[in-house]
Amino acid sequence: LTAILIPLATCAYATRYHVHGAALGSANGLSWANAFTNLQEALSIVIPGDEIWVAAGQYKPTTGTSRTISFNMRNGVSMYGGFAGTESTTDERDIANNPTVLNGDIGEPGSASDNAHRVVTAISINTHIVLDGFRIMNGYSASGSGYNGGGLNVQHVLNGSLLVRNCTFVNNYSGTYGGGIYLAAANLTIENCDFLNNRAGTGGDGGAIYNGNNNGGYSNLVVLNSRFKNNSARRGACLLGGLDFNTLGIDRCIFTANSSELSIIEIDGFTSATISNSYMIGNAVDDSFANVFRVQTSAAAEVLTLTNCTFAQNFNLYANPGSETIRVYGTHHRMENSIV
């Protein structure tokens, strides 16, 4: 009986908190009328099993000037945006017409140098949580600052997992690694998301996504039904596996109009990797030994499978290119039913 009743009691006391910047009620967060007006208030009181629903509006990590403050996701707590402020289920949302913006532009409007280093963080999560229905923008960290992942930083999430769904990452910057997202030792799934105008600096890597320090284990990354446009970096404008993945899966994604000195997608190692039903069209690199798509691994056990993919109208703008547009090291990889 104890084994059965304890989980039931935990679920019974889970709470849904509401956030609405224009709410005028008692601000206890328990309804739309009495919603918190500040997302950080909700994050400060939640416990595992709770949910946070956030109505359309603009929310900044701080009203002050400290660039180290971000929206820190809590263990066991999922966050949903895109509400008008009347809904009783997530299915009632109209995310496109109710933009819920997490904005790192905390200082002088339009000046990136005083923005929050990271807009959202998910660190040391050991449960499954969801981030759904947000526009994440204007995170900025200069090279050498020690902050990676201008939009989202995900670390130490191998005992749990994060699902990022129905989100847009736009205009985030890191001078080092991961303009849009930096992950390290994490289980991360990205579904139906847009990556627009995210950048890694002149010496930086992974304009949209960077997989970095393993911190005790290799990441598992799945990207589904997502779009990458106008992202840029020295290497890996859309994706750079700086360290090995455990597993990498990309399905139904579009990569277009991205630019880099050395690569658009670059994967250095993995246990298994599959890219399927995806397009790389109209991307550009600019260096003698640059590749639009590059797989560095040559170990026979590390097999990349490309299925139902199209590579077209990609360019190396350098005057005398010395390497292929697509370069896959090793003879054991597999490409099937694809167009180059």
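Helices (H or I, at least four residues) and strands (E, at least two) are DSSP runs, numbered from the N terminus. The model is predicted, so local features need pLDDT of at least 70 and side-chain atom pairs count only at pLDDT 80 or more, while totals for chains, interfaces and linings use all residues. Residues are numbered from 1 along each chain as its sequence is written, and side-chain values use heavy atoms, with hydrogens and water left out.

**Exercise 1. Place Asp251 and describe its surroundings.**

Step 1: find the element. Asp251 belongs to strand β22, residues 245–251.

Step 2: classify the exposure. Buried means under 20% relative accessible area, exposed over 50%, and partly exposed in between (1.4 Å probe, protein chains only). Asp251 has 16% relative accessibility and therefore counts as buried.

Step 3: list the contacts, meaning heavy atoms within 4.5 Å. With neighbours within four places in sequence set aside, Asp251 is in contact with Val223, Leu224, Asn225, Ser276, Asn277 and Ser278.

**Exercise 2. Do the same for Thr297.**

Step 1: Thr297 sits in the loop between β29 (291–295) and β30 (304–307).

Step 2: its relative accessibility is 4%, which is why Thr297 counts as buried.

Step 3: not counting residues up to four places away in sequence, Thr297 touches Ile267, Asp268, Gly269, Phe270, Glu302, Tyr329 and His333.

**Exercise 3. Work out which strands pair with β14 and how well covered β14 is.**

Step 1: apply the pairing rule. Two strands pair if DSSP finds at least two bridges between them.

Step 2: take the partners in turn. Strand β11 (residues 152–165) is joined to β14 by 9 bridges, and the two run parallel. Here Arg165 has Glu191 of β14 as its bridge partner. Strand β17 (residues 209–211) also runs parallel to β14, with 3 bridges, and Ile181 stands opposite Ile209 in β17. Strand β18 (residues 219–224) is joined to β14 by 5 bridges, again parallel, with Ile190 opposite Val223 in β18.

Step 3: check the burial. β14 (residues 181–191) is mostly covered, since 9 of its 11 residues are buried.

**Exercise 4. Describe the cavities and their linings.**

Step 1: set the rule. On a 1 Å grid over the protein atoms alone, a cavity is a set of points where a 1.4 Å probe fits but cannot get out, and a pocket is an open set with protein on both sides within 12 Å along at least five of seven lines; lining residues have an atom within 4 Å of a point. Grid points are joined across faces, edges and corners, and a volume is the space filled by probe spheres set on the points.

Step 2: count. There are 2 cavities of 30 Å³ or more.

Step 3: compare the linings. The largest cavity holds about 60 Å³, and its lining residues include Ile250, Phe255, Ser278 and Thr310. β27 (279–281) and β31 (310–312) are the elements that give two or more residues to this lining. For the classes, Ala, Val, Leu, Ile, Met, Phe, Trp, Tyr, Cys and Pro count as nonpolar, Asp, Glu, Lys and Arg as charged, and the others, Gly among them, as polar. The lining of the largest cavity then has 10 nonpolar, 2 polar and no charged residues. The second largest cavity holds about 40 Å³. Ile209, Leu221, Val223, Phe228, Leu239, Ile250 and Phe255 line the second largest cavity, giving 7 nonpolar, no polar and no charged residues.

**Exercise 5. Characterise the largest pocket, then look at Asn166.**

Step 1: the largest pocket has a volume of about 190 Å³. Of its 13 lining residues, Ile95, Ala96, Arg135, Asn166 and Thr168 lie nearest its centre.

Step 2: by class, this pocket lining has 5 nonpolar, 5 polar and 3 charged residues.

Step 3: Asn166 is in the loop between β11 and β12 (168–170). Its phi is near 55°, a positive value in a residue other than glycine. Asn166 is partly exposed because its relative accessible area is 22%.

**Exercise 6. Find the hubs of the largest nonpolar core.**

Step 1: a nonpolar core is a set of buried Ala, Val, Leu, Ile, Met, Phe, Trp, Tyr and Cys residues joined through side-chain atoms within 4.5 Å.

Step 2: the largest one has 73 residues, of which Leu39, Ile52, Leu131, Leu162, Ile209 and Leu221 touch the most other members. β11 gives the most to this core, with 6 residues.
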